[in-house]
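Q: Could you take a close look at the salt bridges in this model for me? I'm new to it, so please go through them slowly.

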Amino acid sequence: MGVMTGTGARPDDFVPVADARPTDVVWPKMTWPPPLDTVLRGHVVEVSPAHLEEDGEELFRALDDEAVWEHLPFRPPDPDAMVDGLRGRLTSGMFPWVMRLRVPYAGLPARSVVGMSSYLEVSVHDARLEIGATAYRPSVWASAVNPDTKLLLLGYAFDDLHVGRVQLKTDVRNTRSQRAIARLGARYEGTLGRFQRRADGTVRDTVLFSILAEDWPRVRDGLQSRLARSSS
């Protein structure tokens, strides 16, 4: 008799997953890392690599709100800790970005720092990366800032770095982030149980999404349409 699984299904009942690309071809090599003088310009934001001493204090002021850090692992108590956090991202293989406004927006002047994000879980050999560790000042939540930022970071990943997969993850309790990722056009791939420890010591389930190279034209067009509507 077969052993029962946790869901009550018999192991022999599992239907193997079909190959989605049975005639796949060799994927081009991924380019890495991005040059440190890279500047990505969108409709309302400008995205550039984070510079520790230059950006740490501005980021701390922009993100110094309890709501920003509710689902992130560590809230820096001061600008020096923010700089240390950015340094930690760099030494762990992450590539942090800073988002500034290109134009006055949401009651803020041009050049205001409005958030940060990172490329992480980078696998050059496999041509994939994750976009995550993202935080925005609350005044730009549910605005054009996130879709504009994601359009830039996704476009750079697919079109310039030649990745084949970008993934995005979030805490199962962060329903606002789940909805925001889904609105990008990302595919829900599943929920990873007991995947990562939270700052309070509990262990979270993590919701996993992806955007593949085959998805990118559809996602790009959707984001461009959203931004066009927001500016009309």
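A: Sure, starting with how far to trust the picture. The mean pLDDT of this protein is 93, and 96% of its residues reach 70 or more (pLDDT is the predictor's confidence in each residue, from 0 to 100). Residues 1-6 are another story: pLDDT is below 50 there, and beyond near neighbours in sequence the stretch has six contacts in the model (a contact means heavy atoms within 4.5 Å). Where pLDDT is low, the predicted coordinates should not be read in detail.

Some ground rules. This is a predicted model, so local features need pLDDT of at least 70 and side-chain atom pairs count only at pLDDT 80 or more, while totals for chains, interfaces and linings use all residues. Residues are numbered from 1 along each chain as its sequence is written, and side-chain values use heavy atoms, with hydrogens and water left out.

Now the salt bridges. Side chains of opposite charge can pair when their charged atoms come close. Here the term means a side-chain nitrogen of Lys or Arg within 4 Å of a carboxyl oxygen of Asp or Glu, and a search of the whole structure finds 17 of them.

Take glutamate 58 and arginine 100: their closest N and O atoms are 3.3 Å apart. Glutamate 58 sits in helix H1 (residues 52-63) and arginine 100 in strand E3 (residues 95-101), so this bridge ties together parts that are 42 residues apart in sequence. (Helices, H or I, of at least four residues and strands, E, of at least two are DSSP runs, numbered from the N terminus.) Glutamate 58 is partly exposed, at 26% relative accessible area, whereas arginine 100 is buried at 11%. Buried means under 20% relative accessible area, exposed over 50%, and partly exposed in between, using a 1.4 Å probe and protein chains only.

Next come arginine 75 and aspartate 64, with closest N and O atoms 2.7 Å apart. Both lie in the loop between H1 and helix H2 (79-91), so the pair links parts eleven residues apart in sequence. Arginine 75 is partly exposed at 30%, and aspartate 64 is partly exposed at 40%.

Then there's glutamate 189 with arginine 165, at 2.8 Å from N to O. This one joins two strands: glutamate 189 is in E7 (residues 187-197) and arginine 165 in E6 (residues 165-171), so it ties together parts 24 residues apart in sequence. Glutamate 189 is partly exposed at 38%, while arginine 165 is buried at 19%.

Finally, look for Arg41, Glu46 and Arg111, which are linked in a network of salt bridges.
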